[in-house]
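Dear colleague,

I am passing on to you the structure we spoke about, together with some notes on what was found in it. Please look through the sequence and the model before reading on.

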Amino acid sequence: MLNKVTIVIPTRNEELNIRNVITQVKGYGDEILVVDGHSTDRTREIAQELNCRVILDNGVGKGDGIRCALKAAEGDIVLFIDADGSHEAKDIPELLKPIIEGKADMVVASRFRGGSDEFVGDIEKLLRIVGSNIITTCINYRFGIWLTESQNGFRAIRREAGLKLDLKENITTIEQEITIKCLI
């Protein structure tokens, strides 16, 4: 199995962060694909200056961007990393390892095990973490499993598996849809 990796960065108005995120992820994959949600700033131009492939989604949300990325990716493995700089690119090899070794079709990074800035910040980040914990607890209860994270946008999936999920969500609930459909 070849295991060519496409790193996908979903964006919308991320000109302040995109250069740094792209610079950090270079070398961890075979392709960097920036999926832009119709930014009104210089996000696309900066990504193109850095020799990334840039595509536009259909403008209806992050879920749509993920579906577009899965269709457009050239890699066997698609790794998603948020454009806001909240994830550590150095964690990419660890995230890819179970997929490359054939032990998993999808791996979700866990903010509860390190590698994220989400535990330091403001009330919005606190509410996001609490909400994520509630959703993950419900998924764990429903499926009788023990996940530490289900909502994190920092995740990798075998492209073939992702395309088979028939994803529908357009907003950030796409993360829980992917997780649940992988468990079914």
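**Overall fold**

The chain has 7 helices and 6 strands, and when it is read along the sequence these follow the pattern β-α-β-α-β-α-β-α-β-α-β-α-α. Please keep in mind that this is a predicted model. The radius of gyration of the chain is 15 Å, close to the 16 Å that the globule rule gives for 184 residues, so the chain is as compact as a globular protein of that length. Along its principal axes the C-alpha trace spans about 45 × 45 × 30 Å, and 45% of the 184 residues count as buried. Among the contacts in the chain with a separation of 6 or more, 65% are between residues that are 24 or more positions apart. The chain exposes about 9,600 Å², of which carbon and sulfur atoms supply 52%.

**Strand β4 and its partners**

Strand β4 (77-80) pairs with two other strands. With β1 (5-11) it is joined by 4 bridges, and these two strands run parallel; within this pairing, Thr 6 has Val 78 of β4 as its bridge partner. Another 4 bridges join β4 to β6 (residues 155-158), where the two run antiparallel, and here Ile 77 is partnered by Arg 158 of β6. In a regular strand the side chains alternate between the two faces of the sheet. In β4, Ile 77 and Leu 79 point one way while Val 78 and Phe 80 point the other way, and all of them are buried.

**The nonpolar cores**

The largest nonpolar core has 27 residues, and those that touch the most other members are Ile 7, Ile 9, Ile 22, Val 25, Val 34, Leu 79 and Ile 92. At least two residues of this core come from each of β1, α1 (18-25), β2 (31-36), α2 (43-49), β4 and α4. If its neighbours within four places in sequence are left aside, Ile 22 is in contact with Ile 9, Ile 32, Val 34, Ala 47, Leu 50 and Cys 52. There is also a second, separate core of 17 residues, which includes Ile 66, Val 78, Leu 167 and Ile 178.

**Helix α3**

Of the 11 residues of α3, 8 are buried, so this helix is largely enclosed by the rest of the structure. The buried residues in α3 are Gly 63, Asp 64, Gly 65, Ile 66, Arg 67, Cys 68, Ala 69 and Leu 70.

**Salt bridges**

The structure holds 13 salt bridges, and one of them is formed by the side chains of Asp 82 and Lys 62, at 3.3 Å from N to O. Asp 82 lies in the loop between β4 and α4 (92-100), whereas Lys 62 is in helix α3 (residues 62-72), so the pair ties together parts that are 20 residues apart in sequence. Asp 82 counts as buried, at 17% relative accessibility, while Lys 62 is partly exposed, with a relative accessible area of 24%.

Lys 103 forms a salt bridge with Glu 101, with the closest N and O atoms 3.2 Å apart; here Lys 103 counts as exposed at 65% and Glu 101 as partly exposed at 41%. The side chains of Asp 166 and Lys 168 also meet in a salt bridge, at 3.0 Å from N to O, with Asp 166 partly exposed at 47% and Lys 168 exposed at 53%. Finally, Arg 19, Arg 42 and Glu 49 are joined into one network by salt bridges that share partners.

With best regards

Technical notes:
Residues numbered from 1 in each chain as written. Predicted model: local features only at pLDDT ≥ 70, side-chain atom pairs only at ≥ 80, totals over all residues. Heavy atoms only, no water. Salt bridge = Lys/Arg side-chain N within 4 Å of Asp/Glu carboxyl O. Buried < 20%, exposed > 50% of the residue type's maximum accessible area, 1.4 Å probe, protein only. Core = buried A, V, L, I, M, F, W, Y, C linked by side-chain atoms within 4.5 Å. Contact = heavy atoms within 4.5 Å. Pairing = 2+ DSSP bridges. Rg over C-alpha atoms; globule rule 2.2 N^0.38 Å. Areas by Shrake-Rupley, 256 points an atom, 1.4 Å probe, with all protein chains shown as cover.
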